[in-house]
Structures are given as structure tokens and as C-alpha cells.
Amino acid sequence: MSEKKTVVIDLKFARREVDEALSNAFAGRTVLRAADAAADLSDARYAVIWKPDPTLFERAPKLEVLFSGGAGVDYILAMPNLPDIPIVRFVDESLTTRMSEWVVLQALSHLRQVPAYAKQQRERVWRELTQPEAKDLTVGVMGLGVLGQDSVAKLKIMGFNVIGWSRSKKVIGGVETFDESGLDEFLAKTDILVGLLPLTPQTRGIFNADLIGKLRQGGALGEPVFINAGRGGSQVEVDVIAALKNGVLGGASLDVFEQEPLAETSPLWSMENVIITPHAASASDVRALFRNAEAQMNDYEAGQPLRHVVDRTTGY
Ligand SMILES: NC(=O)c1ccc[n+]([C@@H]2O[C@H](COP(=O)([O-])OP(=O)(O)OC[C@H]3O[C@@H](n4cnc5c(N)ncnc54)[C@H](OP(=O)(O)O)[C@@H]3O)[C@@H](O)[C@H]2O)c1
């Protein structure tokens, strides 16, 4: 049997988590750390990366496959001197489940008026607010990939009417779906908009005043709500803030921002109808990441095709 190929790790994750996960991963392989400046990476064939150092590709010129530490790969495609080798994105049940938990939590939080009740609690006000049911609301999910489709299924379990939009039309039982050309029709039916899109040249700035202005007004919540956990570069934050201020949007839940961390000066922090999480909707589990990468390396060396390879022409 041929020798197992060398792996280099360059993950800007918590060091302790990476160390712990590595103690049980990549059996029989040499594993190098890019953070070790003295490490000789010249024979490394695989890199498992999240926001790697720009020097990685110079130090490791024989790489054959890149494994992304996250589902999104926009940060890789923007790297200078990116070698023309397959990029595998991270697809895993734990990542998918965590994202759906976050999406359902946010949709329910706006349905059940969590921001308004949190304010009342701070002010010691005992007042019941009128309450629509999930079935009275249409949640429109933009991006029907691995994450979008799981969120759709779990939002439906909670009773929401769910519709979806993606580049190519999808067939999902019990869900009205739209392709690129049906965007306006999709938006006109949407009370709660969920963004689960990758960041590409086509999706950069897509959540702007024009799009937000096409969401349904006068639904069961009054004004529409915007939820985004895709990428911050897809939202035009000044437009989101203006829409929240002038009542075009009734609320928002944002996990991703144009610039991260979100500046302390951002007005979003203090808006009462806005829920903010620090790009934490679905963090990668490093053990699962290594398990996935290791299985794919073994399959690849056995002549099997790689799975979840990024299409560089579409950018995801
Ligand atoms: N906040 C977090 O913690 C976190 C965690 C993980 C991932 N993410 C983000 O979530 C994104 C989605 O992940 P995923 O695994 O679901 O990706 P995916 O499986 O690649 O799905 C992407 C979806 O977006 C659609 N899409 C892409 N470009 C489009 C365009 N220009 N117009 C319309 N639809 C378009 C695709 O359409 P087709 O189906 O037609 O291809 C597909 O349905 C990632 O790229 C990442 O940025 C965030």
C-alpha cells in the first residue's frame, strides 16, 4: 500500500480545540502545523485551512487538495496565488443542524416577539402582546443548498409556510420554490426573509434597499423581518439600518456583517428589534472537520472522486 500523504493544518480556530481534535485524527499521516514557522511544508499534499496565512502556498507548493474549515469558501477564492487544485468545502451534519437551530430560533424569536418582551422585562412591564401563529407567516429562504434545505424542513416542522429561492429551481415537497427569474414574486410573498447564500460576485450586496423594499408589507407581523447567516458581504448594512429605522423592516437577526467583528459604533447594536450574534450561527466542529477530511483523503488515495468540490466558475 502506498504511503499516506502529508497534511498541513492552518486553521485560525481556538488552538486548544485544534490540538485536542488532532490527537485523534489523521492516523498514519504526517501532520504539520503552518503556525510552526520552522516546519518544512514542501512535501505537504493536503491543507486543512480556515483563513490561512498568505505564505501557505509558497511554503507548500505540492498541495493537491484544499479542505476548507467552513462551508463558505469566499475567503479562499479571494487569496492571492491560489493554486489550481480542488477545494473541498466542509459539509457535515453537525454544521447543518446547528445552522437550522439558529434559523428556527430567530424565526420563532420574531414570531414570539422576544425583543419586545426582553424590553418589557428590562422595564418590569407585565403586558401580553397580540400574537400571530407560525402558519400565518411565510418564511422565504434565499439559498437552497445544504443549509437552506435543512432550515426549510425544520421551519416547516414549526408550522411556518415556507418558500425558497435559488439559482437553479429546486423541487421540495410542500414548498413553493423559485429560481433566479422569480425573485420579485418570491419577495412579494415573504414576511420573514432568511439569507443562507454563499458570498460570490453575484450575491455581494444582494440584500440592499431595492430588495428589502420588495418584501411583503402588512403581513401578520406588520413589517417584514430580515434574518442573515450567509455572509455579511451580501448585505448592504446602511440599507438594512435605514429600513429598520424607517419601518420598512420590522426586525432583523444578523449573524454576519460586512466587517467582522461588527464595529462598536454600529447603530445595529442598540436597535431594540435587532438580534445580533457574532458569526456564531454554526461554528465548525473541528473533530467533525478532521473526520470528514480524513475520510475524503483516504477515498481520494483509493481512486474515489472528492465530494463537495467548489465550482470556481460559480464561486461556491
Ligand atoms: N454564519 C455561519 O456560521 C455560517 C456557517 C456555515 C455556512 N455559512 C454560509 O452559508 C452559506 C451556504 O452554505 P451551504 O452549505 O448551504 O451552501 P451550498 O450548499 O453551496 O448552497 C448554496 C445555495 O445558494 C444558492 N445560490 C448561490 N448563488 C446564488 C445566486 N447568485 N442566486 C441564487 N441562488 C444562489 C445555490 O443555488 P443552486 O442550488 O442553484 O446552486 C444554493 O442553493 C455558505 O456559503 C456560508 O457562506 C455561514
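In the predicted model, a nitrogen atom of the ligand is found 2.9 Å from a backbone N or O atom of Arg167. Two further polar approaches involve oxygen atoms of the ligand. The side chain of Tyr316 places an N or O atom 2.5 Å from a ligand oxygen, and a polar backbone atom of Gly145 is 3.1 Å from an oxygen atom of the ligand. The ligand, taken alone, exposes 940 Å², of which 93% is buried by the protein.

The shell around the ligand comprises 29 residues, and those that come nearest are Arg89, Ser168, Lys170, Asp255 and Tyr316. Classified by residue type, this shell contains 13 nonpolar, 11 polar and 5 charged residues. Helix H6, spanning residues 146-157, supplies the largest share of the shell, with 3 residues.

The position of the ligand can be related to the domain organisation. The domain assignment of the protein gives domain 1, formed by 7-90 + 284-301, and domain 2, formed by 93-276. Their centres, taken over C-alpha atoms, are separated by 33 Å. In the contact between them, domain 1 takes part with 9 residues and domain 2 with 6 residues. Because residues of both domain 1 and domain 2 belong to the shell around the ligand, the ligand lies between the two domains.

An open sheet of 5 strands, paired in parallel, follows the order E2-E1-E3-E4-E5. Strand E2 (31-33) and strand E5 (87-88) occupy the edges and have a single partner strand each, so one side of each lacks a neighbour in the sheet. Within the sheet, strand E1 (residues 7-11) and strand E3 (residues 46-50) run parallel and are joined by 5 bridges. One of the residue pairs concerned links Leu11 to its bridge partner in E3, Trp50. In general, strands of a sheet pair through backbone hydrogen bonds, in either a parallel or an antiparallel manner.

Two features of backbone geometry were also identified in loops. Most residues other than glycine have a negative phi, and most peptide bonds are trans. Against this background, the peptide bond joining Glu260 and Pro261 is cis, with omega of about 0°. Pro261 is located in the loop between strand E11 (251-254) and strand E12 (274-276). His279, which is not a glycine, nevertheless has a positive phi of about 45°. The loop that holds His279 runs between E12 and helix H10 (286-301).

Terms used:
Residues numbered from 1 in each chain as written. Predicted model: local features only at pLDDT ≥ 70, side-chain atom pairs only at ≥ 80, totals over all residues. Heavy atoms only, no water. Near = heavy atom within 4 Å. Polar contact = N/O pair within 3.5 Å; in protein donor to acceptor, adjacent residues only side chain to side chain. Areas by Shrake-Rupley, 256 points an atom, 1.4 Å probe, with all protein chains shown as cover. Helix = DSSP H or I, 4+ residues; strand = E, 2+ residues; numbered from the N terminus. Nonpolar A, V, L, I, M, F, W, Y, C, P; charged D, E, K, R; others polar. Domains from an automatic or database assignment. Pairing = 2+ DSSP bridges. Contact = heavy atoms within 4.5 Å.
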